Amino acid sequence: MDWSGKVHGSTSAQGFSTPSPDGSRYLRSTDRIMVEDWRGHTLGALDADPSSYGLGTWADDGQHFCGIVIPRGSGPDAGTASLWIGAPGEPGRIVAAVGKPGSEPGVAACSIKNNRAIVASGLFPHWPPGGTRYLITADIQLVNLTTGAIEFERAYPLGNLGGQAETGTRGDWVLIAASPDGRYVAENNVFNGTAVIREVPSGKAAATLHGSVRGFSWDGSMVVLGTGGARFAEVQVTTWSDQKVVWHGPGVAQTMLARPNSKDILMGVNSPSGDSSSLIAVDGDGHSHVLGYASVSWPCPCPIGL
């Protein structure tokens, strides 16, 4: 489907995963991780073992893939994972050891242009103890793709993770979203309905927004922001630096897709009542149109990032 909503073709869903940002290619995981184009033609294999592969994302050049590899016999939260980068038909390479014991790392952003990747490690605690499970971010690492150096690292307070036998106060839990160019992260507070936009690697807090950031536009200047709740839920497309709302509408944005080299954004929006959903495209000037009513396989490591 293109950005006007016109359907150009289809492909088998067997083993289908992780489209590139421009929709031109995707992974097909069988006994090997193959890369195919949107017509289903094979472009080559990724030089990675599917049994050791963790959550990843395409780089901003649309050619390379950044993922997590885990040694055989080790779990994803064992603290033994590494950041890996490769392209179809080319040798891949290990960039750096990432993550820490107790949480599962995934690649939230990978930028060839800026020579960096953001790795976010997440876990699923309960609150109250034994109650609702929340996806939260334990820490993030900014990795130099050339040297493997960790150029920025930030851990988030976890507090009581809600195990049945644990005591103590609830943590000030955060779930991050990262800009495609790896320059910004949005730290969404799980409980108080605010988000801090933070520059990396400086670590400077650049803005505080009222709402939850679902994701950034391609250049990182705009965000999709969820505000309110229940029948008052609203989706906004906002320039975060001056908090100017360029588009808004009722509903809940489940996730979003940034169009490469553009300010256009595609969102999957559920109605406030939750009984319908739609795909809405919004450009940088706030003009919008509905592409259709369908689900989309989003090019993001959604269990960790968004």
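## Briefing on an all-strand predicted chain

The mean positions of the 21 positive and 27 negative charges of the protein chain lie 2 Å apart. The structure is a predicted model, and its protein chain contains 26 strands and 0 helices. One disulfide is present in the structure, and the points below take up the overall form of the chain, that disulfide, and several residues with particular backbone features.

**Overall form and surface**

- For a chain of 306 residues, a compact globule would have a radius of gyration near 19 Å, and the protein chain, with 19 Å, agrees with that expectation.
- Measured out along the principal axes, the C-alpha trace of the protein chain would fill a span of about 55 × 50 × 35 Å.
- Of the 306 residues in the protein chain, 51% are buried, while the area that the chain exposes comes to about 13700 Å², with carbon and sulfur atoms supplying 51% of that area.
- Among the contacts in the protein chain with a separation of 6 or more, 42% are between residues that stand 24 or more positions apart.

**The disulfide**

- The disulfide links Cys66 with Cys110, and the distance from S to S is 1.9 Å.
- Because Cys66 belongs to strand β6 (residues 65-69) and Cys110 to strand β9 (residues 104-111), the pair ties together parts that are 44 residues apart in sequence.
- Both ends of this link are covered: Cys66 is buried, with a relative accessible area of 0%, and Cys110 is buried as well, with a relative accessible area of 2%.

**Cis peptide bonds**

- The peptide bond that joins Trp127 and Pro128 is cis, with omega at about -5°, and Pro128 is placed in the loop between β11 (126-127) and β12 (132-133).
- A cis peptide bond also runs from Val200 to Pro201, where omega is near 15°, and Pro201 is found in the loop that lies between β17 (194-199) and β18 (205-210).

**Positive phi outside glycine**

- Gln243 is not a glycine, yet its phi is positive, at about 55°; the residue sits in the loop between β21 (234-239) and β22 (244-250).
- With a relative accessible area of 41%, Gln243 is partly exposed, since the value falls between the 20% below which a residue is buried and the 50% above which a residue is exposed.
- Asn261, which is likewise a residue other than glycine, has a positive phi near 55°, and its place is in the loop between β23 (252-258) and β24 (265-270).
- Asn261 is exposed, with a relative accessible area of 73%, a value over the 50% that marks an exposed residue.

**A pairing across the sequence**

- Gly5 belongs to the segment that comes before β1 (16-17), and with a relative accessibility of 18% Gly5 counts as buried, because the limit for a buried residue is under 20%.
- Although Gly5 and Gly292 are 287 residues apart along the chain, their C-alpha atoms are separated by 6.8 Å.

Key
Residues numbered from 1 in each chain as written. Predicted model: local features only at pLDDT ≥ 70, side-chain atom pairs only at ≥ 80, totals over all residues. Heavy atoms only, no water. Disulfide = S-S within 2.5 Å. Helix = DSSP H or I, 4+ residues; strand = E, 2+ residues; numbered from the N terminus. Buried < 20%, exposed > 50% of the residue type's maximum accessible area, 1.4 Å probe, protein only. Rg over C-alpha atoms; globule rule 2.2 N^0.38 Å. Contact = heavy atoms within 4.5 Å. Areas by Shrake-Rupley, 256 points an atom, 1.4 Å probe, with all protein chains shown as cover. Lys, Arg positive; Asp, Glu negative; His and termini not counted. Charge placed at Lys NZ, Arg CZ, Asp CG, Glu CD.
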